[in-house]
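Here are a few exercises to work through with the model open beside you. Try each task before reading its solution.

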Amino acid sequence: NAAPSASSPNALRDLLLFPLICGLLAGLAFPPSAFWILGLLAWVPLLYSYSRCKWGFLPAFVAGVVFHGLTLYWIGLNSDPPPLLAAVSGTAAVLYLATLWGFGGTITVFLRKQWGLKALWLWPAVVVWVDFLMEHSELGFPWAYAGITQAVNPLLRPLLAVGGTHLLTLC
């Protein structure tokens, strides 16, 4: 698929609006929210965006900025720092984590190009890989996994005891 050109009327929708919707829905599903169903629906616009672009970094990055901005707004406010320091540290954390999502989007689109739509079956594994990178990277950031949006889902919550958040992500 050719990427929508910047002048294409669908470019903003495919590369920015759908990922923005994904990040918003996933962020709204994040606990303590009771709207876990939004966490299931959130990924549809992002996966559609992947089907419309040549390189998946930008849509995943946009979704990641919105999701992490909603779920980690507090990160810069830890320890009552000066406002500028709080804004810089919070923004840096959000951009760093969104960049990891961007890598996952790049891999997902690459796999789709190689294997077609059947590659989307690997997408949950890519998301778990991104979560693993978040957790085991230099910053060691074990919060805000995609699967946490399902932590209060009564059908999936028992899986937490078996395989933790990563198993929720795979489901």
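Helices here are DSSP runs of H or I with at least four residues, numbered from the N terminus. The model is a predicted one.

**Exercise 1.** Find the helix that holds Thr165, and decide whether Thr165 is buried or exposed.

*Solution.* Start with the position: Thr165 sits in helix H7. Next comes accessibility, where buried means under 20% relative accessible area. Thr165 has 19%, so Thr165 counts as buried. Finally, look at the neighbours: leaving out residues up to four places away in sequence, Thr165 touches Tyr145, Gly147, Ile148 and Leu160.

**Exercise 2.** Do the same for Thr149, then work out which polar partners its side chain has.

*Solution.* Thr149 is in the loop between H6 and H7. Its relative accessibility is 1%, so Thr149 is buried. Now for the polar partners. A polar atom of the Thr149 side chain lies 2.9 Å from the backbone oxygen of Ala146. The Thr149 side chain also makes a polar contact with the side chain of Gln150, at 3.4 Å. Last, the contacts beyond four places in sequence: Thr149 touches Ala26, Ala29, Phe30, Pro31, Trp36, Gly39 and Phe67.

**Exercise 3.** Check how the span of H5 compares with the expected value, and see what the backbone does just after H5.

*Solution.* Count first: H5 (83-115) has 33 residues. From first C-alpha to last, H5 reaches 48 Å, close to the 48 Å expected at 1.5 Å a residue. Then step off the end: just after H5, Gly116 takes a positive phi of about 75 degrees.

**Exercise 4.** Describe the largest pocket by volume, lining and residue class.

*Solution.* The volume is about 280 Å³. The lining has 17 residues, and Leu40, Trp43, Trp123, Thr169 and Cys171 lie nearest the centre of the pocket. Helices H2 (36-41), H3 (43-51), H6 (123-136) and H7 (159-170) each give two or more residues to that lining. Sorted by class, the pocket lining has 12 nonpolar, five polar and no charged residues.

**Exercise 5.** How many cavities of 30 Å³ or more does a search of the whole structure find, and what lines the largest cavity?

*Solution.* The search turns up one. About 120 Å³ of space lies in the largest cavity. Its lining has 13 residues, with Tyr50, Trp101, Trp123, Val127 and Val130 nearest the centre. At least two lining residues come from each of H3, H5 and H6. By class, the cavity lining divides into 10 nonpolar, three polar and no charged residues.

Key:
Residues numbered from 1 in each chain as written. Predicted model: local features only at pLDDT ≥ 70, side-chain atom pairs only at ≥ 80, totals over all residues. Heavy atoms only, no water. 1 Å grid on protein atoms, 1.4 Å probe; cavity = no way out; pocket = protein on both sides within 12 Å on 5 of 7 lines; lining within 4 Å. Points joined across faces, edges and corners; volume = space filled by probe spheres on them. Nonpolar A, V, L, I, M, F, W, Y, C, P; charged D, E, K, R; others polar. Buried < 20%, exposed > 50% of the residue type's maximum accessible area, 1.4 Å probe, protein only. Contact = heavy atoms within 4.5 Å. Expected span 1.5 Å × (residues − 1). Polar contact = N/O pair within 3.5 Å; in protein donor to acceptor, adjacent residues only side chain to side chain.
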